[in-house]
Amino acid sequence: MAEVRCRKTGEKEEEKEKKVSASELNKQQHMDSTTKDEDHCDTVGDVGSTAAEETGTSAAEADTSSPTEAEEEGKQATDQTRRAQKISKSVLFQRVVKVFVGCLAAVTCGMMYAVYLSTYHERKFWFSSRQELEREITFQGGSGLYYYYYKHMLFASSFERGVYELTRDNRTVSGQTINAVEQLSLYPELLSSLLYKLSGSQDAIEPVYFYIGVVFGLQAVYVTALFVCSWVMSGTWVAGMLAVAWYIINRPDTTKVDYAIPLRDNWALPYFSCQVAALTGFLSNSISSATEMFCYLLMSVTTFTFIVMWEHSHYVLFVQGVALLLLDCFDLVPARKIADIHKVYLSSLLLAYVLQYQRPGLLSCPLLSLLIASQLARYLQQNMKMGPLVARLMKIVLHLYLVFTTGITFNYLVKKILPSNQSDFILKFLEVRFGLNTTTEFIPNLLLCEEGFQAPGQDFFLRLTQASVLPFYVLVLLVCFFSTMQTIYRRLSGERLKGSVRMEDGRIGERPEVIYHVLHTLLFGALAMLFQGTKYLWTPYVCAFTAFGVCSPELWMTVFRWIRLKSVHPVVLALILSTAVPTIIGFSLWREYFPRVLSELTEVQEFYDPDTVELMNWIKSQAPLAAVFAGSPALLGTVKLCTGWPVTSLPIYTDLSLLQRSESTYQVYAMRSAEDVYKLLTAQKSSYIIIEEELCNEMSPVRGCRIKDLLDYANGHVVYDKGEMYTFSKHGRFCHEIKMNYSPYTNYFTRVFWNRSYHVYRVNSVISFQY
């Protein structure tokens, strides 16, 4: 029995070794032959173990003489694994290098722009060689009022004490105690003053340079966010550099930081740019969960900061919310992301409401009405995104109708609960602006004559065309818009969207972040066509959107798919054009505009206003501490900044009560009697009235927009009939008559200072009737 087992084992090993040396590809045949050998081992018992040993020896020699195919395949698999690891490491390294270079380019562009602004500001105003008073006068357009509160916070005994004084300010507007922090949105000044003290910069830098440096630093963040936004959509940082170049070239139409540094726009819009960049990344389908969470957190922080920094921010976010509503209606973005964005809006509004002393305007803002209405409409239409094409279109129309009717109803109820005549004033202004009504009132007509509320002129489009941004913007917008329309049709027809769109597909309109920017530019572009002041919300994103388009191979592939290009491989041609076109544009911009930028930095400019300096010095040296000054709002902002004396009004055009006080002060340029003007000024507790020669003898190219024309029209002293002007007033123009220095004007007013630009009259407390 032992011999039989031994032979059976020997023959089994022999057959296994032969099969291994022959082939491993036929394992089933090996199993069958082994079974037959075992049967044969049971019947044959006389064969010795010698043959088995010889066979085993020969097989061992064969194994040692040459490697088997299994080992060769194992080596090949190992080589392939190592090669794949090397490739993955190489791809990862390339991605890291690309991200590093892109981030370095973005930060460099931002820093260079900040340095450029600082150098240009120094060349324009000779800031470093001027005295403190002359520096403060350079804050034009009444924007210097905000800097006054920054100085006030620095001089306060403590930060808490400074905030307390601003919330109970009775030294700014005569006869009123206002919460300046809430009414003027002074959070930028609070933060910058706190940062100045905490950073220990008192011994290193002057307060005015620190303030300006913070604003210029935010502008650097602004262009960096535009860079990142264009980079994220196109996939190349070349698009970001082109966006920044276009932004700087079109600076008169992209920012107001050149002439009015402290304006709320310059503090708030950089945060909105960061919010748009974060929203662009959040809407993308090709990001990881960690990146999505980072974008969500950044979007939350920047949205809240944007609302706090600017009182008009909720209007901007309302337009953005309408774009997101359209994305949700056509099912172009996951419902989860839209819900997360609404949570950001709602939480930011509530936190800002608490921080801004329960400001009623946030409860009646259109953004909150839109959020509540959209949630209610979604609850009522849970099956809106189901059904055939026609049924879904009807459901979308009904959904939009529900959202806007519910939002208007909610907004109306809130304004009834929290009564405010501000809303009625805005409604009346819009009616007049769009030609639905006419009025002779001074305030609506004054606002209509403001440049920011007028439609943009031809020079605006001419500048954008000369910089080549407008023609390319129209082409990119058309391609993306029609591709978006195709995507909407396919989505409504029941076709599911792809998780990630490849370049070869030629469907750039299926990317949610691209669709959002199409709607963003269309909505803000429509506003910019109506109100020139909103161009600062549109033009920067025109630059970023256009740069993305010309640098994106997907856009070119979309065009090639439409025209069915076959002569040349479309992918190769798309890659070539996405590199060649921005290179040509960049070279042409460098050749034409770089010398102009250098000339701006080297050209010596002069800004000097000796008459205003003389007036401010007289007020600081001669006026009593209890004096109250009346005049135009822009001039009163400068008076408050340079002297600190109380004034009758402020250059704030969003407060109806301040506008009404300004109308009363402006009556010195109307055809009113000395007694009427005296009563109006004493009602505001005015001690001095400042009359400006520029307003009294104004020669405006637009007839009807001069201050004196608006006053005459509102007072009924001038009537226009069939192109003819008829005057009805028994009094001469006050600003002219008072200079004649005769009674009854001398009875009510006494001239105490004058120069070429200003005449200052004291409002007599005791009337002297001398003839």
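**Notes on a predicted model: loops, buried side chains and helix packing**

1. Ser 468 is buried, with a relative accessible area of 17%, a value that falls under the 20% limit used for that class. This serine sits in the loop between helix 22 (458-466) and helix 23 (469-492), and its phi is positive, at about 70°, although the residue is not a glycine. The model is a predicted one, and that should be kept in mind for every point that follows.

2. A second residue invites the same kind of attention, namely Arg 564, whose phi is near 55°, again a positive value in a residue other than glycine. Most residues other than glycine have a negative phi, and most peptide bonds are trans. Arg 564 is placed in the loop between helix 26 (553-563) and helix 27 (570-602), and with a relative accessibility of 68% it counts as exposed, whereas Ser 468 is buried.

3. The peptide bond between Ser 743 and Pro 744 also deserves a look, since it is cis, with omega at about 15°. Pro 744 belongs to the loop that runs between helix 34 (734-737) and helix 35 (745-748).

4. For the overall picture, the protein chain contains 35 helices and 6 strands, and buried residues account for 48% of its 771 residues. Of the contacts between residues at least 6 apart in sequence, 72% join residues that are at least 24 apart. The chain exposes about 37800 Å², of which carbon and sulfur atoms supply 61%.

5. Which residues does the buried Glu 513 touch, leaving aside those up to four places away in sequence? They are Met 233, Thr 280, Leu 283 and Ser 284. Glu 513 itself lies in helix 24 (residues 512-530) and is buried, its relative accessible area being 3%. Its side chain also makes a polar contact of 2.9 Å with the side chain of Arg 511.

6. Gln 219, in helix 10 (residues 207-234), is another polar residue to examine, for it counts as buried at 1% relative accessibility. A polar atom of the Gln 219 side chain lies 2.9 Å from the backbone oxygen of Asn 266. Not counting residues up to four places away in sequence, Gln 219 touches Tyr 113, Leu 117, Tyr 247, Thr 255, Val 257, Asn 266 and Pro 270, so that Asn 266 appears both among these neighbours and as the partner of the side chain.

7. Helix 16 (residues 335-355) and helix 18 (residues 366-380) pack with their axes 10 Å apart, at an angle of about 140°. Helix 16 is therefore oblique to helix 18, given that only angles over 145 degrees count as roughly antiparallel. The crossing of helix 16 and helix 18 is left-handed. On the side of helix 16 the residues involved are Ile 338, Ala 339, His 342, Tyr 345, Leu 346 and Leu 349, and these meet Leu 367, Leu 368, Leu 371, Ser 374, Gln 375 and Arg 378 of helix 18. An α-helix has 3.6 residues a turn, so residues three or four places apart point the same way.

8. Helix 6 (residues 144-155) and helix 9 (residues 187-198) form another pair, with axes that come within 9 Å and cross at roughly 40°. That angle makes helix 6 oblique to helix 9, and the crossing of helix 6 and helix 9 is right-handed. Helix 6 contributes Tyr 146, Tyr 150, Met 153 and Leu 154 to the contact, while helix 9 contributes Glu 189, Leu 190, Ser 192, Ser 193, Tyr 196 and Lys 197.

9. Is helix 29 (residues 633-643) largely made of buried or of exposed residues? Of its 11 residues 10 are buried, so helix 29 is largely enclosed by the rest of the structure. The buried residues of helix 29 include Leu 635, Leu 636, Val 639 and Leu 641, and also Lys 640. Just after helix 29 comes Gly 644, which takes a positive phi of about 85°.

10. Finally, Tyr 164 lies in helix 7 (residues 159-167) and counts as partly exposed, at 42% relative accessibility. The C-alpha atom of Tyr 164 is separated by 9.3 Å from that of Asn 179, a residue 15 residues apart from Tyr 164 along the chain.

Notes. Residues numbered from 1 in each chain as written. Predicted model: local features only at pLDDT ≥ 70, side-chain atom pairs only at ≥ 80, totals over all residues. Heavy atoms only, no water. Helix = DSSP H or I, 4+ residues; strand = E, 2+ residues; numbered from the N terminus. Buried < 20%, exposed > 50% of the residue type's maximum accessible area, 1.4 Å probe, protein only. Contact = heavy atoms within 4.5 Å. Areas by Shrake-Rupley, 256 points an atom, 1.4 Å probe, with all protein chains shown as cover. Polar contact = N/O pair within 3.5 Å; in protein donor to acceptor, adjacent residues only side chain to side chain. Axes fitted to C-alpha atoms, helices over the stretch in contact; angles between N-to-C directions. Parallel < 35°, antiparallel > 145°, perpendicular 65-115°, else oblique. Left-handed = near helix turned anticlockwise from the far one by under 90°.
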